[in-house]
Every structure is written in structure tokens, then in C-alpha cells.
Amino acid sequence: MSATPGDILAPSLPAPKAARERSRMERLWTIWRRKALTLREGQLFLLLAVIIGLFSGLIVVCFRITIEWTRFWLLGSSMQPSHLRVLLAPTLGGFGVALLVLHIFKRSRGSGVNQTKAAVFIFDGYVPFRTVIGKFITCALAIGSGQSLGPEDPSLQMGAGIASALGRSLKLSREKQRLIAPIGAAAGLAAAFNAPISAVIFVIEEIIGTWSGGVLGAVILAAISSVVVMREFMGNAPMFRVPSIEFRSPVELIGYAVLGVISGFAALAFLKFIAYVRPRLMRLPRWTHYLQPAVAGLLIGIIGLWLPQVMGSGYPIIDQVLHDQFVWRMLLLLGLFKILATGISFVSGTPGGMFAPTLFIGAMLGGAVGGFEHYVVHRPVESVAAFALVGMGTFFAGFLRVPITSVFMILEVSGNYSIIVPAIISNMIAYFISHRYQKVPLFDFLARQDGFFLPSIEELREQNALRVEDAMRPGGGSVWRDEDADRLLQASSTSSPAASFFLWRRGNDWRLVSREELKRRAEAIQAGSSLPEIPSRGPLPQLYPDQHLDEALRMIGDWPLVPVVNRANIDKLEGIVALEDILRAYRNS
Amino acid sequence: MSTVDENQNERTCPRCGNPLPDSVTKCPHCGERLFPLLRTRETVILLCVVLLVALFFVTGFVAKGFHQKLAALGRQWFVSGEQQLKLENATQALADFRNALVYAPTDDEIQLRLALALAATGHNGEASSYLLGLLAHAPANAPVNLALARIAVASGSEADALRYYHGAIYGVWPDEAETNRVKTRLELCQFLISHQDTSDAESELIALASDIPREGESSIEEKTGDLFLQVGDANRALTEFRDALASANPPAGSLHGAGISAFQLGRYSLAESYLERASHLRKYDPSITAPLQMSRLILAWNPYIAGLGANERQIRVRHDFEQAFTRLQSCAEDKGIDLSNKSATSIFSPFYTKAVSLRPLLTPLGFRRNPGLVDATMSLVFGIEDLASQQCGPLEGLDQALVLIGKSPRNVQQ
């Protein structure tokens with residue numbers, strides 16, 4: 001039964017006992033809610049971050065387990081499965097994935113990172129929950145069947161999807177809704193990677209693009225919560241068992257520099273391959289899209305007959321490389337064929353991530369360089385592990401173009417600070433090579449191929465922010481103080497006729513005096529009338545030379561000019577800035 | 001939980017935002033159905049918490065099953081690897097151990113077995129990588145230290161080998177710690193001896209001898225004795241061999257070792273006794289028969305043996321003198337020196353002249369008149385034998401026996 005307005009507006013009618021009771025309960029609930037449970041928006045956001053982290057952690061745990069079960073089921077428990085399984089599992093898995101992606105989970109295609117970026121910048125943080133389910137199922141099938149892809153990027157998108165769903169349920173404002181997707185992304189990535197710091201930095205470096213204090217706390221909370229859940233269920237063991245390694249001598253840096261060059265060019269080749277082949281395959285007739293993942297699976301199976309290590313995410317193989325299991329020639333082969341296998345898997349539209357393959361390729365190339373160095377100059381055998389570890393970060397920096405994340409990732413994975421210098425040198429070389437010869441980073445050109453023109457975080461990162469000092473007119477002449485009123489009058493008569501305004505430091509304020517007003521006062525003095533107070537406008541806002549110019553633009557308002565003062569001595573005038581100065585600076589930048 | 005709102009006392013419609021009277025289930029303005037309890041943020045958060053708890057249970061159940069599966073797979077591959085090792089199929093064993101390690105990456109036992117299998121198949125680099133990883137977690141792990149020591153020995157890194165051997169000796173053994181420590185120290189001693197580091201080896205052997213349990217394996221005592229012999233400490237070697245012989249099942253080599261030790265100490269009677277018994281076990285072993293023969297010769301012709309009658313002693317002195325004199329002449333002849341030519345002087349001449357002058361005095365009367373004649377004669381004999389061994393190469397038979405008697409004439413009496 002629904003109440004009518006007439007019913008409601010008839011207070012004289014006695015309410016039934018049940019309704020009175022319900023009304024009383026509701027009032028009590030409202031009072032208790034206000035007193036005990038009311039949170040401010042910021043507090044709610046932090047609480048929500050923890051909840052998102054917990055959900056993401058749980059989902060990622062289930063996701064990882066599902067991938068492993070799928071692998072046991074399709075490929076068996078041996079690291080060298082039978083030839084029949086190696087050929088059939090990725091082929092049939094690819095076909096199944098194609099059917100799911102084309103008919104049921106249409107937004108599950110791709111890695112997940114650029115889709116999350118698109119959600120943040122275009123769709124107000126909206127990631128459909130269906131995508132979470134789709135990513136879970138399709139990626140588990142693809143990776144478990146041996147496609148050369150990883151679980152991290154899908155985990156990132158699943159985290160973002162969970163966060164988005166929670167945000168919608170709680171009817172968060174549009175601004176908060178936009179911020180909440182990266183929080184979930186960080187949680188998902190942190191759980192998948194078991195490395196909260198790297199995940200937070202990656203999300204800030206690649207998805208959000210700015211170190212916003214408003215979101216940083218929530219991102220960190222979510223990442224830590226998800227990692228806690230992950231470790232609770234999957235154990236505290238690190239992703240890789242890194243043997244004890246150390247940086248012995250600066251001469252070793254030569255080897256790491258060589259690694260940087262090799263990884264840089266390998267990353268470049270990988271990027272060019274994806275950039276060239278993916279759009280061409282996407283333009284092929286629709287019926288081919290049913291077959292592309294299956295053909296990719298078959299090709300990977302053929303490679304897998306010879307090199308089964310390239311199948312799947314490849315984490316156990318990285319672990320073996322860190323323990324010097326392969327000779328350098330084998331490592332080189334594995335690195336090159338993993339590039340091919342991952343490239344094939346990815347461009348075919350198979351859902352799955354690029355993080356794990358990137359780490360795999362980097363470890364192989366690093367191990368190959370380290371192994372070759374060991375072979376030639378007989379360095380200690382531990383150096384192979386050090387090179388493999390640095391190689392992971394180096395290829396990561398060159399391919400995904402996230403140099404800060406890559407360095408932190410190496411530190412977090414290894415817990416060894418002695419290799420930070422080699423890691424930074426190698427990463428920077430690879431990054432600069434990749435940046436020099438491939439202008440658009442991976443996730444940006446993937447988004448553009450999908451029809452989204454997202455802001456390039458790399459470009460934002462590299463943009464020089466304009467500051468007040470870039471626009472101000474230095475100097476500013478003398479500063480007139482309270483006691484200098486008469487001198488100010490003199491100055492108005494002797495100064496250039498072009499000067500329309502004078503800055504007057506009166507007390508703690510900056511004020512503006514026009515030439516006209518000074519002139520009127522001078523005339524009054526000459527006429528022998530009593531001295532009127534100098535009429536002035538203010539107080540003026542004051543700027544500092546290091547302030548951002550857009551901030552200055554907001555502060556300048558309708559003032560014809562604003563003083564720029566020294567931060568160490570606010571009485572010292574560094575210069576003045578006017579609206580036309582700011583516009584000129586923007587035009588010239 | 002809700003956000004703080006200026007108008008919290010007033011219920012508003014979530015759809016149109018108009019104020020709502022109490023106890024209505026439908027907005028009078030827009031007709032939106034009102035489920036206040038279900039639509040509040042508190043309820044959503046509460047539902048999330050309930051869902052989280054449920055998911056925790058489900059995930060815990062799934063994760064437990066997963067870990068059990070992983071543990072079972074790890075164990076299965078480990079057992080398979082062990083079987084392959086028994087079948088001496090090292091390549092397949094390695095593959096199986098690697099599979100096992102994928103499913104049980106933190107299992108130290110699997111890592112150690114894999115490392116040992118790798119080391120056994122010559123993959124020292126990979127083996128040491130795993131072992132160093134294990135060592136980083138447990139620096140006092142004795143089996144890991146021992147494996148690393150063996151790899152260091154194979155790669156010729158003496159300093160590392162010493163460090164890891166000591167790590168193994170003073171480390172923690174999972175079982176039979178005392179025996180394992182003794183065996184490790186024994187291995188270390190062998191390594192040191194093979195690297196000609198006898199002084200360090202001897203000090204390690206002394207420590208080893210004190211560590212050997214009283215009811216321990218006699219074979220260890222025998223090996224320790226052997227090593228003492230190799231570093232030249234025959235006295236301690238004899239002690240070890242005697243301890244080994246005192247055990248319930250004395251190893252055959254102990255008699256031989258004890259005999260050689262006694263022989264090196266100049267205790268020929270004791271040596272003869274041990275070697276005699278050893279020769280019954282290994283009849284045609286020249287390493288037994290040669291020292292046995294020598295011991296017998298020494299005991300037969302040594303004039304300093306206690307309890308000899310005067311007549312017997314004189315006979316032995318004369319016999320030894322004649323042997324030495326013949327040896328002197330034959331050695332000089334080999335060198336092309338004519339000792340009868342008194343004008344020609346050589347290194348042999350003083351000995352020859354002295355021998356010729358002494359020879360007529362070696363009669364019973366001469367011995368009786370001159371009690372110091374025995375020592376003077378034997379001193380000459382030892383001098384001649386020493387000279388002959390230096391000039392004419394190694395000695396044999398009684399000549400060699402006389403050299404040995406000359407090294408410690410009084411000791412021989414024991």
C-alpha cells in the first residue's frame with residue numbers, strides 16, 4: 001500500500017500502532033546514526049579506501065588461485081608439459097577467450113591500464129562491474145592456458161572496478177567517484193604484485209599523474225590493505241627469492257650501462273611491434289577476431305614446444321634465472337622469444353597484462369648480459385642474479401615508461417639497496433632510448449588506437465610549470481613607506497609619465513596609489529588647504545617568485561598590478577606582475 | 001555512515017531532494033519509493049562488511065585447498081626427484097626437483113636437495129646460488145655450509161672452503177650433530193692436507209681427535225690416524241689406531257696404520273707386532289710386508305736393544321760394521337774411487353781410514369778392554385751409511401735398517 005499526499009497531510013488521524021512503532025524506531029536509528037556513525041566526507045573516503053583494499057585483495061587472491069587451477073587443469077603441474085597440451089591448451093583457451101570477449105564481456109579486451117585511465121579521465125571513474133567479472137574469467141582462462149600475459153594489469157582494472165561499484169553504491173560525488181577508481185587500481189596492482197610502494201607509485205606515475213595530497217593517503221591505505229589480505233592468504237614469501245647480491249665495484253657499472261642500452265632497444269622493438277601490428281589486426285574483418293587469440297595461442301604453443309618457459313606469466317622462470325639456472329645464450333633466446341610471444345598474445349586482443357611478461361623479458365636480458373659478463377670476465381656467479389634483477393626494472397622502465405616505479409620495484413622486490421645505483425643508471429639509459437625513438441608511450445598509443453585521447457602523463461610530467469618569476473617585471477623601484485608620503489609626492493612629479501601607479505608599503509599591507517590621486521594631493525598642498533590622507537587601494541595580494549603562474553592568475557583578480565616579494569623578507573620587492581605579463585608568459589611558453 | 005549535513009534533522013527524498021514527513025514509504029512529491037534503511041550509506045557499508053566477512057571465509061577455504069594442493073604437488077615432485085636420483089637419472093631428478101620448488105618455493109629441504117643434485121651434476125653455479133639463498137636465511141645451517149664448502153673446494157676457492165667448513169662444523173645440524181661435525185672436520189683435514197697446509201691440518205686433527213665420541217665409529221678413528229700420519233704426527237696417529245683397535249669391530253686398516261705409526265716412531269718391536277697381525281689379513285700387501293721386513297731386520301741387528309748379552313751385542317756390532325764397510329767400498333767403487341790408494345783423498349777417505357784402523361779392534365778382547373768401542377763403531381757405521389745414502393742413492397735391506405737405527409738408536413730399544 002502506498003501512502004498518498006492526503007494521508008500524510010492528515011495529522012489528526014491516529015497512526016496505527018505498528019506504524020507508530022516503526023516511526024519511533026526510525027527516529028531512534030537516525031539519532032544513533034548521527035551520534036555514532038556520522039563521518040565527514042574525508043573520513044568516509046579513507047574508510048572506503050580500506051574497504052576497497054580488502055575487497056581488491058580478496059578478489060586478486062581468488063584470481064591468482066583461479067589462474068593456477070586453470071593451469072593445472074589445462075597444462076598440468078609440470079613446468080615442461082606434454083607437447084599435446086602445449087599446442088592445444090593455448091589454442092583452445094584463446095578460442096574460448098575470443099568467444100567470451102566478443103559476446104559477453106566486451107570491455108575485457110586489453111591489459112586494463114589504459115581502460116582504467118579512460119575511466120578516470122573520460123567516464124568520471126566509471127568502470128562497470130561486468131568488466132570486473134569479465135576480466136576475472138577471461139584473463140584466468142588466457143593466462144592459465146599459457147598465453148604469454150600476466151595477471152597484474154587485469155588486477156589493477158578489477159580493483160578499479162570494485163572501487164567504482166562501491167563509489168556508485170555510496171552515491172559519492174562526481175569528483176570523489178573519479179578519484180576512487182585509481183584507489184582501487186592501486187589496491188588491485190599492489191595485491192597482484194605484492195609490492196604496495198611500487199603499486200602506489202605506478203598509479204600516481206601512470207594513471208593519476210599528480211601527487212595529490214587528497215588522494216595519496218587513500219591510495220596508500222588501499223594498497224596496504226590489499227597487500228595485507230594477499231599475504232594473509234598467499235603467505236609472506238616474496239614474489240622472487242633473490243639470492244644475496246652486492247654491488248662490488250664501480251667498474252661493474254659499465255655492464256649495467258650496456259644492459260640499459262640493450263634493454264632500451266629491446267623495449268623499443270617491442271613497442272614498435274605492438275604499435276604497428278595491433279591496429280592492423282583490429283581492422284581485420286570481425287570473423288577474424290574469433291580466431292586471432294586462438295592463432296596467437298597456437299603460435300605460442302609452437303614456441304612452447306621448444307621453449308615452454310615463455311608460456312604463462314613466467315614467474316617461476318624468473319626465480320630460476322635469479323638462481324643462475326640458464327646459460328646466457330638460453331637467456332637471450334628466452335628474452336627474444338618472450339617478446340615475440342607476448343607481442344602475439346597482446347595484439348591478438350587476448351585480455352591480460354603486460355607487467356609479468358615485461359619483468360620476464362627484463363630478467364632474461366639482464367641475466368644474459370650478466371651471464372655473458374661472467375663468461376668473459378669471470379665475475380662471481382651472483383652477478384647474474386643482480387643483472388637479472390636490474391634487468392627487470394630496466395626493461396620495465398623502457399617499455400612502460402615509468403622510471404620511478406621501476407627503481408622502487410627493484411628495491412621492493414629485492415630488499416637490497418646496494419644495487420640502487422646500477423638500477424638507476426640502467427633504467428635511465430633504457431628510458432631515454434625508448435623515449436627518444438618512440439614518442440608516444442605504450443598506454444597512450446593503445447588508448448589512441450582504441451579511440452580515446454587521454455592526457456599523456458609522461459608529457460604532463462615533463463612539462464615545465466610556469467612560475468611568477470617567468471612573468472614578473474623585475475626591480476619595481478623604491479618601496480614607499482608610511483613616513484615617506486612626501487617623498488612619494490615628489491616621486492610622482494619626477495617619475496616617468498608612463499608610470500600610472502605607485503606601490504606603497506603601508507604598515508603590513510601593500511597598497512596602490514594612482515598618479516592622479518597623488519597629483520590631486522599635490523594641488524591641495526599648493527592651494528594651502530589641509531593635507532588630506534593619500535587615497536590608496538588595497539591591501540593588494542602579494543606573490544612570490546616561485547609560485548605557479550596559474551595560481552598568480554587566480555590571485556591577481558582585477559588589480560592592475562601585484563607586488564612580487566621575497567619569501568625571506570616580505571618587505572623586499574622583487575618585482576611586479578600584471579595580467580598582461582602573465583598572458584605574455586603563457587603565450588611565449 | 002552519512003556525511004554531515006546542515007539539514008540532518010530533516011529527511012529528504014534522495015531523488016527530488018524535497019523534505020519528507022516522518023513515516024512515509026513513498027515521496028509525496030515525486031513518488032520515489034523510500035527504503036531508508038537500505039539506501040543509507042551506513043547500510044551499504046554494513047553490507048560491505050558482511051560481504052567482506054563472507055568473502056574472507058570463502059577465500060580462506062579456497063586458499064587453504066590451493067595451498068594443500070601446492071604442498072601435495074611439491075611433495076609429489078620431490079619424491080619423484082628422489083626416486084630418479086636413486087635410479088641415477090640425474091637430469092630427470094633435477095627437473096623434478098625444480099618442479100617441486102615451483103610449488104614449495106620456501107621449502108628448504110627441497111632447495112637443499114636440488115642444490116645437492118645440481119652440485120653432484122656439476123652445476124656448481126646454480127647450486128651455490130640456491131645454497132647462498134638458504135644461507136642468507138639461516139647462516140648457521142650446517143648442511144648448507146657443508147655443501148657450499150664442497151662447491152668451494154671444487155672451484156678451488158680455499159678461503160671460502162675454509163669459511164664454509166667451519167660454518168658447517170660450528171653450525172646447526174638437523175640430526176646426529178656430533179657425528180656430522182666429526183665427519184665434516186675430517187673432510188676439512190683432508191682438504192687442508194691436499195693443499196699442503198699441514199700445520200692447520202694438524203691443529204684441526206687435534207681438535208677432531210678430542211671430538212671423536214668414545215663409542216664412535218672406529219673407521220673415523222682409523223681415518224683420523226691416517227691423517228695424523230700424513231701430517232707426520234705418528235704419535236697421535238698411533239693413539240688413534242690403538243683406539244680404533246680397541247673397538248668391538250676393529251677395521252683391518254687400523255693394524256696396518258698402528259704398525260706404520262709405531263715404525264715411524266722407531267718402536268720396531270711394536271711395529272713388528274702390528275704389522276705381523278696385519279700381514280695375516282693382507283698377505284701380499286707390500287705396504288705391510290716392506291715395513292715388517294725392515295722392522296725384523298732392525299730388531300735382528302740393532303746392538304742397542306735392551307737385554308742383549310755382551311756376546312750377542314758384539315756379534316751385531318761386527319756384523320753391522322762389516323755391512324757398512326762393504327757398503328762404503330761398493331759405493332766408492334761405483335764412484336770410481338780407489339780407496340786403497342792412500343795418496344788420493346776423497347769424501348770417503350776419512351771413513352775408510354777410520355774403518356780400517358778400527359776393524360782389527362773388533363774382537364771380544366777389544367770390546368772387553370774398551371767399553372766405548374760399541375758406540376764408536378756404531379757411530380762410524382751410521383756415518384758411513386748416511387754418506388753412502390747421500391752419495392749412492394737409496395739404500396736397501398740392512399743398510400736402510402742401519403740408517404733407521406742411526407736416527408734414534410736408543411729409541412729402538414722400546
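**Notebook: cores, a helix pair and positive phi values**

I looked up A:Asp124 to begin with: 14 C-beta neighbours inside 10 Å make A:Asp124 partly exposed. The scale I used calls a residue buried if 20 or more other C-beta atoms lie within 10 Å of its own, exposed if 12 or fewer, and partly exposed in between, with C-beta atoms placed from the backbone. The model is predicted, and local features need pLDDT of at least 70, side-chain atom pairs count only at pLDDT 80 or more, and totals for chains, interfaces and linings use all residues. Residues are numbered from 1 along each chain as its sequence is written, while chains are lettered from A and ligands numbered from 1 in the order in which they are written.

**Positive phi**

I noted that A:Asp124 is not a glycine, yet has a positive phi of about 55°. I placed A:Asp124 in the loop between helix 5 and helix 6 of chain A. Helices (H or I, at least four residues) and strands (E, at least two) are DSSP runs, numbered from the N terminus.

In chain B I found B:Glu88, also a residue other than glycine, with a positive phi near 60°. B:Glu88 sits in the loop between helix 2 (41-86) and helix 3 (90-103) of chain B. B:Glu88 has 7 other C-beta atoms within 10 Å and is therefore exposed.

I also logged A:Gly451, just after helix 19 of chain A, with a positive phi of about 95°.

**Helix 5 and helix 19 of chain A**

I checked how helix 5 (residues 113-121) packs on helix 19 (residues 442-449) in chain A: the angle is about 70° and the axes are 9 Å apart. Axes are lines fitted to C-alpha atoms, for helices over the stretch in contact, and angles run from 0 to 180 degrees between N-to-C directions. I therefore entered helix 5 and helix 19 of chain A as roughly perpendicular, a label for angles of 65 to 115 degrees (under 35 is roughly parallel, over 145 roughly antiparallel, the rest oblique).

From helix 5 of chain A, A:Val113, A:Asn114, A:Lys117 and A:Ala118 meet A:Phe443, A:Leu446 and A:Ala447 of helix 19. Contact here requires C-beta atoms, placed from the backbone, within 7 Å. I sorted the residues of this contact into five nonpolar, one polar and one charged. In helix 19 of chain A, I listed A:Leu442, A:Phe443, A:Asp444, A:Leu446 and A:Ala447 as the buried residues.

**A:Ala140**

I found A:Ala140 in helix 6 (residues 129-144) of chain A. A:Ala140 counts as buried because 26 C-beta neighbours lie inside 10 Å. Beyond its neighbours within four places in sequence, A:Ala140 is in contact with A:Phe63, A:Thr66, A:Ile67 and A:Thr70. A:Thr70 is 70 residues away along the chain, with a C-alpha separation from A:Ala140 of 7.0 Å.

**Cores**

I looked up the largest nonpolar core, which has 146 residues, with A:Ile52, A:Ile183, A:Ala186 and A:Val203 making the most contacts inside it. A nonpolar core is a set of buried Ala, Val, Leu, Ile, Met, Phe, Trp, Tyr and Cys residues joined through C-beta atoms within 7 Å. Helix 3 (residues 41-75) of chain A gives the largest share of this core, 15 residues.

For A:Ile183, leaving out residues up to four places away in sequence, I listed contacts including A:Ala49, A:Ile52, A:Val215 and A:Ala222. A second, separate core has 91 residues, among them B:Val231, B:Ala262, B:Val317 and B:Ala324.

**Chain B**

I recorded 19 helices and two strands in chain B. Of the 414 residues in chain B, 37% are buried.

Notes: Contact = placed C-beta atoms within 7 Å. Nonpolar A, V, L, I, M, F, W, Y, C, P; charged D, E, K, R; others polar.
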